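Please walk through this structure with me. Keep the sequence beside the model as you read.

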Amino acid sequence: MSTIERSKLSVAARIREERERLGMTQTEFGQVCGVGLHAQQYYEYGKRHPNTKYLELAAAIGVDVQYVITGLRSPTVGEKMVGNIARVFHVYNAPCKPTK
């Protein structure tokens, strides 16, 4: 199996995973994302890839599009805040250089 074929299967599995996470049927998910049932099934079976409009509409209902494409989850708002707070404390606690 080629890298492209493995990638298609991975994207397909993640589309299905996100749809199921949102508790939607293939028909419901496809309608919200602007496609019919057969197109949605093709995406989930790895026979076709969704276009950017589909992904844009999917993101609007809470799909982690970064995860669908790359397999890496997007950081949550809470994770981003913790990282920002940690950076602020790091800067605040950094030793100051004396001025001459």
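Start at V68. Beyond its neighbours within four places in sequence, V68 is in contact with V11, R14, I15, E18, L55 and V63. This is a predicted model, and every value below is computed from it. V68 is found in helix 5. Its relative accessible area is 3%. The cut-off for buried is under 20%, so V68 counts as buried. Take one of its partners, L55. V68 and L55 are 13 residues apart in sequence, and their C-alpha atoms are 9.0 Å apart in space.

Another partner of V68 is R14. R14 is found in helix 1. R14 is a charged residue by class, yet it counts as buried, at 14% relative accessibility. Where does the side chain of R14 reach? It reaches the backbone oxygen of V68, at 3.0 Å. Not counting residues up to four places away in sequence, R14 touches Y67, V68, I69, T70 and G71. R14 can also be placed against V65. These two are 51 residues apart along the chain, but their C-alpha atoms are separated by 9.4 Å.

Now step back to the whole chain. It has 6 helices and 0 strands. From the N terminus on, the elements run α-α-α-α-α-α. Of the 100 residues of the chain, 27% count as buried. Consider the contacts in the chain with a separation of 6 or more. Residues 24 or more positions apart account for 56% of them.

The next topic is the core. In soluble globular proteins, nonpolar side chains tend to be buried together. Here the largest nonpolar core has 14 residues. Which of them touch the most other members? They are I15, F29, Y54, V63 and V68. The elements that give two or more residues to this core are helix 1, helix 3, helix 4 and helix 5 (65-70). Helix 4 gives the most to this core, with 3 residues.

F29 is worth a closer look. Leaving aside its neighbours within four places in sequence, F29 is in contact with I15, R19, L22, M24, Q40, Y54, A58, I61 and V63. Three of the names in that list, I15, Y54 and V63, stand with F29 among the core members that touch the most others.

Then comes the empty space. Rolling a probe the size of a water molecule over the atoms shows where empty space is left. How many cavities of 30 Å³ or more does the structure hold? It holds 1. The largest cavity has a volume of about 30 Å³. It is lined by I15, E18, F29, Y54, L55, A58, V63 and V68. The elements that give two or more residues to this lining are helix 1 (3-21) and helix 4 (52-60). Helix 4 gives the most to the lining, with 3 residues. By class, the lining divides into 7 nonpolar residues, no polar residues and 1 charged residue. The charged class includes Glu, so the charged residue here is E18. V68, where this tour began, is part of the lining, and E18 is one of its contacts.

Move on to Q26. This residue is found in helix 2 (residues 26-32). Is Q26 buried or exposed? Q26 is buried, with a relative accessible area of 17%. Not counting residues up to four places away in sequence, Q26 touches R19, L37, Q40, Q41 and E44. Two of these contacts are polar and run between side chains. The side chain of Q26 makes a polar contact with the side chain of E44, at 2.9 Å. A second polar contact, of 3.4 Å, joins the side chains of Q26 and Q41.

Follow the second contact to its other end. Q41 lies in helix 3. Q41 is buried as well, with a relative accessible area of 19%. The buried residues of helix 3 (residues 37-45) are A39, Q40, Q41, Y43 and E44. Both side-chain partners of Q26 are therefore on that list, Q41 and E44. Just after helix 3, G46 takes a positive phi of about 80 degrees.

Technical notes: Residues numbered from 1 in each chain as written. Predicted model: local features only at pLDDT ≥ 70, side-chain atom pairs only at ≥ 80, totals over all residues. Heavy atoms only, no water. Buried < 20%, exposed > 50% of the residue type's maximum accessible area, 1.4 Å probe, protein only. Helix = DSSP H or I, 4+ residues; strand = E, 2+ residues; numbered from the N terminus. 1 Å grid on protein atoms, 1.4 Å probe; cavity = no way out; pocket = protein on both sides within 12 Å on 5 of 7 lines; lining within 4 Å. Points joined across faces, edges and corners; volume = space filled by probe spheres on them. Core = buried A, V, L, I, M, F, W, Y, C linked by side-chain atoms within 4.5 Å. Contact = heavy atoms within 4.5 Å. Polar contact = N/O pair within 3.5 Å; in protein donor to acceptor, adjacent residues only side chain to side chain.
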